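Subject: Structure handover

Hi,

Here is the structure I promised to pass on. Please load it before you read the notes underneath.

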Amino acid sequence: MKKLLPLVLLFIVKGLLSQNGFTTYSATIPTGGINPGGENALLIDNAGNKWIGYSNGTASSAAILAYYNNLSAVWTFYNKTNTPALPNGSVKVFCTDNANNIWIGTTGGLVKFDGTSFTLYTTTNGLPTNIINSLESINNMLYIGTPLGLSRYDGTTFTNYNPGNTLFPFNNISAIKIENANTIWAGSANNLVKFYINSTFTSTSYTTSTMTSTASTIGSIYIDGLGNKWLGTAVAPVKFDNTNFNYFTSMYPNFTGINSFNPSDICKGPNNGVLYVASYSGPSFTYPGCLVELMPGGVSNLYYPPSSMAIGKYIENDGTGKIFISTNGNATVGTSSPKMYSFNKNLYNPFGQGPGGGVNSNNYKYLDINRVTAGIMNRGDMWWDIGGNGGPSYEVPNGNPPGYGVHSGFAAALWIGGLDASGNLHTSAQTYRQTGSDFWPGPLDTISGTTDTAHVIQYDKIWKVSYLDINTFITQFNLGNVPTSYTPTPDILNW
């Protein structure tokens with residue numbers, strides 16, 4: 001069976017390495033006052049150029065920016081040495097307006113770059129604090145989320161909204177997102193606020209009584225094409241449909257393939273879904289991060305980079321479907337190292353990628369009926385949670401919640417052997433995937449008994465339906481409601 005195979009321009013040499021749809025953009029940070037730090041913000045500006053902000057370890061360290069020119073593929077680095085307007089502190093967030101200004105939020109103030117020069121704004125100019133958590137722009141208005149409320153800058157004056165002047169319900173804003181010129185969504189610890197910029201400054205607060213502590217601090221907000229608000233929290237994604245909060249475990253039950261989401265950033269995915277960064281660590285393998293695209297109907301796509309790529313937690317869609325991603329780790333002065341990654345789904349082969357040889361929510365399902373919960377895979381093995389914590393996943397009787405019942409077995413697998421015409425023994429015996437898999441999803445060539453990646457990808461899924469799903473479909477079909485008023489389950493549609 002076949003195995004599947006600035007003001008001052010600093011000279012930087014571009015380095016590109018492409019692997020399975022992921023591309024590495026490397027650069028050498030020059031010496032001369034550039035302090036190493038972790039990447040803390042990412043922006044694609046109106047011209048497609050990339051901006052990276054660095055987070056330094058101490059407040060006395062100067063803010064640092066990296067600029068990647070999309071046409072020349074040249075990196076430029078700015079810091080206080082060559083750009084005195086930059087304050088001390090860390091870069092936390094970027095924003096671009098329709099006049100092509102780049103706005104930079106730091107822990108030392110707000111910085112504007114107009115393409116030629118940098119200008120620093122602080123509390124002396126009217127900001128409520130010099131710590132900037134989030135930025136959004138619309139119609140030449142800049143909105144600023146801070147630990148002391150919301151601020152709006154019209155190019156001349158900062159107008160502040162906070163509990164002190166009764167114009168905003170809380171102070172500490174961790175994320176903001178503009179829905180339209182008059183409506184802003186703001187997040188904090190267990191709080192989501194819909195705020196109207198109008199004569200009365202009306203706001204509607206959704207607090208812990210609605211969200212519950214499951215949500216934790218909101219690190220990012222994304223609004224999809226249907227107007228749903230997706231929240232990045234320290235626990236897991238939350239969708240607010242403008243009436244109710246929908247939690248990840250209910251929207252994507254039995255999800256596997258990762259162990260935690262990063263709440264720092266969300267963007268539109270390559271299939272127009274909702275894209276997050278997630279991390280994974282499990283039995284005998286560790287991945288610094290992967291991309292998770294959440295689709296309607298409980299469907300998810302996982303994109304694993306090569307294990308050598310430590311992707312970060314900030315992501316941007318460039319408008320063509322290509323995703324740009326920050327790196328995970330500190331910048332290094334004087335040596336070439338990754339500064340950014342990109343991902344092109346059209347060049348990605350998902351089969352076999354990621355922990356456990358590509359175990360994910362599409363090819364790992366639970367047989368859950370009659371007080372049995374059994375994990376089923378499509379590589380010839382079953383029952384153990386290779387895509388999660390590596391423990392057993394066959395419970396009889398099952399617990400409530402799942403995972404707390406009695407495990408009658410740890411793992412099982414198919415072992416098949418036979419003799420050929422010459423008396424030679426051939427076996428396919430799946431163990432714990434230490435050396436790969438002997439079984440593959442999908443059909444084999446009837447002559448050679450082999451398969452290839454292109455065919456396997458089409459079948460790398462388990463289609464799960466219930467008695468109720470089938471009978472409901474039959475009833476609705478006979479009533480003439482398919483596909484007009486009744487939508488079958490995704491597994492019926494995609495079979």
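Below is what turned up, topic by topic.

**Overall**

Please keep in mind that this is a predicted model. The chain has 495 residues, and 48% of them are buried. Its secondary structure comprises 6 helices and 36 strands. The exposed area of the chain is about 22,400 Å². Carbon and sulfur atoms account for 53% of that area.

**The largest pocket**

Start here if you plan to look at cavities and pockets. The largest pocket holds about 1,100 Å³ of space. Its lining is made by 39 residues. To find the centre, look for V93, E136, K177, D265 and E316, which lie nearest to it.

Which elements give two or more residues to this lining? They are all strands:

- strand 3 (38-44) and strand 7 (91-96)
- strand 11 (134-138) and strand 15 (175-180)
- strand 19 (218-223) and strand 23 (260-268)
- strand 27 (311-317)

Strand 19 gives the largest share, with 6 residues. By class, the lining of the largest pocket splits into 20 nonpolar, 12 polar and 7 charged residues.

**Salt bridges**

Side chains of opposite charge can pair when their charged atoms come close. The structure has 5 salt bridges. Three of them are described here, each linking distant parts of the chain.

K229 pairs with E179, at 2.9 Å from N to O. K229 sits in strand 20 (residues 229-233) and E179 in strand 15, and the two are 50 residues apart. Strand 15 is also one of the elements that line the largest pocket. Are the two partners buried or exposed? K229 has a relative accessibility of 1%. That is under the 20% cut-off, so K229 counts as buried. E179 is partly exposed, at 33% relative accessible area.

D368 forms a salt bridge with K464. The closest N and O atoms are 3.1 Å apart. D368 belongs to strand 30 (residues 364-369). K464 is in the loop between helix 4 (453-459) and helix 5, 96 residues apart from D368. Both ends are partly exposed: D368 has 40% relative accessibility, and K464 has a relative accessible area of 32%.

R379 and D460 meet at 2.8 Å, N to O. R379 is in the loop between strand 31 (372-377) and strand 32 (381-382). D460 is in the loop between helix 4 and helix 5, as is K464 of the previous pair. R379 and D460 are 81 residues apart. Both of them are buried.

**A nonpolar surface patch**

V465, I470 and I474 make a nonpolar surface patch of about 220 Å². I470 is found in helix 5 (residues 467-478). What is the relative accessible area of I470? The value is 37%. I470 therefore counts as partly exposed, between the 20% and 50% cut-offs. It is also over the 30% required of a patch residue.

**Backbone points to check**

Most residues other than glycine have a negative phi, and most peptide bonds are trans. The following places depart from that.

Where are the cis bonds? One runs from V396 to P397, with omega near -5°. P397 lies in the loop between strand 33 (394-395) and strand 34 (412-413). Another runs from V482 to P483, with omega near 5°. P483 is placed in the loop between helix 5 and helix 6 (490-494).

Two residues that are not glycine have a positive phi. N20 has a phi of about 50°. N20 lies in the loop between strand 1 (15-19) and strand 2 (22-28). N20 is partly exposed, with a relative accessible area of 24%. A73 has a phi near 60°. A73 is in the loop between strand 5 (65-68) and strand 6 (75-78). With a relative accessible area of 13%, A73 is buried.

Best wishes

Conventions
Residues are numbered from 1 along each chain as its sequence is written. This is a predicted model: local features need pLDDT of at least 70, side-chain atom pairs count only at pLDDT 80 or more; totals for chains, interfaces and linings use all residues. Side-chain values use heavy atoms; hydrogens and water are left out. On a 1 Å grid over the protein atoms alone, a cavity is a set of points where a 1.4 Å probe fits but cannot get out, and a pocket is an open set with protein on both sides within 12 Å along at least five of seven lines; lining residues have an atom within 4 Å of a point. Grid points are joined across faces, edges and corners, and a volume is the space filled by probe spheres set on the points. Helices (H or I, at least four residues) and strands (E, at least two) are DSSP runs, numbered from the N terminus. Ala, Val, Leu, Ile, Met, Phe, Trp, Tyr, Cys and Pro count as nonpolar, Asp, Glu, Lys and Arg as charged, and the others, Gly among them, as polar. Patches are made of residues with over 30% relative accessible area and no salt bridge: like charges are joined within 9 Å, nonpolar side chains (Val, Leu, Ile, Met, Phe, Trp, Tyr) within 5 Å. Accessible areas come from the Shrake-Rupley method with a 1.4 Å probe; for residues, only the protein chains shown count as cover. A salt bridge is a side-chain nitrogen of Lys or Arg within 4 Å of a carboxyl oxygen of Asp or Glu. Buried means under 20% relative accessible area, exposed over 50%, partly exposed in between (1.4 Å probe, protein chains only).
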